[in-house]
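Got the viewer open? Load the model, hide whatever clutters the view, and follow along one selection at a time.

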Amino acid sequence: MADSARETREFIVGEDEAGLRLDRFLSGTVGELSRQRLKALIEAGEVTVDDSVRSDPALKVKAGNVVMVTVPPADEAAPLPEAMDLAIVFEDSDLIVIDKPAGLVVHPAPGNETGTLVNALIAHCRDDLSGIGGVKRPGIVHRLDKDTSGLIVVAKSDPAHQGLSAQFQAHGRDGRLERAYVALAWGVFDRPAGVIDKPLARSMTNRRKMAIARPGTGRRAVTHYEVEAVYGAGRAQVSRMKLRLETGRTHQIRVHLADAGHPLLGDLVYGAGYRASEALLPPAAQAALNTLGRQALHAAVLGFEHPLTGARLRFESDLPSDLEALCSVLAGARRD
């Protein structure tokens, strides 16, 4: 992994950023570093506010504050290499696109220190992974939930990491990034297409969950949806949907659909209240849903501009066999 010199960056807090936590402010300005990585830098004394070292990530910043963060050279990745069969969709010297199976954790975390995509990438790429993401997340620009399948891009060089991070930070507003998902959700929407624009924040009752935030708080989250088909009837109706993200927040699709009253099939975190509806499905659909054993969500389309060459890249992923089987039995039980 290439070494890089320590770099100090300076930012001035704007009026609309006043009151943010220090780590949140930095996560919105240093797009290529994760919030956890920035929190660690703050606690290590690498961040100053108005020339004073501040080691509390929860410090509230004020308009006009001058915030400086020193990014040390990237560390060698601590996770061990583990050889795995990866579904590589595209690879060059700067990046690699993987079709991630459901059940594969993206990066090491407490309780998942091994067997992750990062472990597999270290074995596959050897020293060719960007170190900007920190020890636990070399090359990781974005992530998918463990039980979400589909396309993910990983940076192999620091310039690629910076360029990809800028595109994900813009959330597609500049036209460079495209992300689309296929999902199965309970019930039928009032309109066949629409936009869910509701901010998200950590749940106050369960810090492992996200929740819809009060107006004026949280982080803006926008999901565009289109209903492609409706299966079944009555309380057992299921909508097959195409979803496009305008922002990329943690659990965004899952929370937005659950709040709309249409949680994802198989989502035990945000759709537990719909367990009774499973019993109303035809037996074959119940069996397919049990076999799925996860939320019915697949990252089907990923498009972006190559950060070094400028070439437009776009990839599509077919539904994995477990989700395709569920769609097939639901479609077979369709009632018009």
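Contact here means heavy atoms within 4.5 Å. Keep that cut-off in hand for the opening stop, and bear in mind that you're looking at a predicted model.

**Stop 1: a glycine in a loop.** Select Gly 261, which sits in the loop between α5 and α6 (275–278). Its relative accessibility is 26%, so Gly 261 counts as partly exposed. Now show what surrounds it: leaving out neighbours within four places in sequence, Gly 261 is in contact with Trp 186 and Tyr 274. Add Gly 271 and draw a C-alpha to C-alpha distance to Gly 261: you should get 9.0 Å, for two residues 10 apart in sequence.

**Stop 2: the largest core.** Next, select Leu 117, Leu 121, Tyr 181, Met 241, Leu 243 and Leu 257. These have the most contacts inside the largest nonpolar core, a set of 31 residues. To see where the core comes from, colour the elements that each supply at least two of its residues; among them are β6 (95–100), β8 (178–186), β13 (238–245) and α5 (252–259). Then colour α3, which gives the most, with 6 residues.

Zoom in on Met 241. Not counting residues up to four places away in sequence, Met 241 touches a list that includes Tyr 181, Val 182, Phe 189, Tyr 225 and Leu 257. Glu 226 and Glu 228 are also among the residues it touches.

**Stop 3: the other core.** Select Val 238, Leu 265, Leu 289 and Leu 319. They're part of a second, separate core of 22 residues. Leave Leu 289 highlighted for the next stop.

**Stop 4: helix α7.** Show residues 283–292 as a helix with side chains. Which residues of α7 are buried? Ala 285, Ala 288, Leu 289 and Leu 292 are. Look down the axis and you'll find these four on the same side of α7, because they cover an arc of only 100°. An α-helix has 3.6 residues a turn, so residues three or four places apart point the same way. Spin to the face turned away from the buried side, and you meet the exposed residues Pro 283, Asn 290 and Thr 291. Spin back and switch on what covers the buried residues, including β8, α6 and α8 (321–332). Just after the helix, click Gly 293: its phi is positive, near 60°.

**Last stop: cysteines.** Select Cys 125 and Cys 327. Cys 125 is buried, at 6% relative accessibility, and Cys 327 is buried too, at 4%. How many disulfides are there? The count comes to 0.

How values were computed. Residues are numbered from 1 along each chain as its sequence is written. This is a predicted model: local features need pLDDT of at least 70, side-chain atom pairs count only at pLDDT 80 or more; totals for chains, interfaces and linings use all residues. Side-chain values use heavy atoms; hydrogens and water are left out. A nonpolar core is a set of buried Ala, Val, Leu, Ile, Met, Phe, Trp, Tyr and Cys residues joined through side-chain atoms within 4.5 Å. Buried means under 20% relative accessible area, exposed over 50%, partly exposed in between (1.4 Å probe, protein chains only). A disulfide is a pair of cysteine sulfur atoms within 2.5 Å. The arc is that of the directions from the helix axis to the C-beta atoms.
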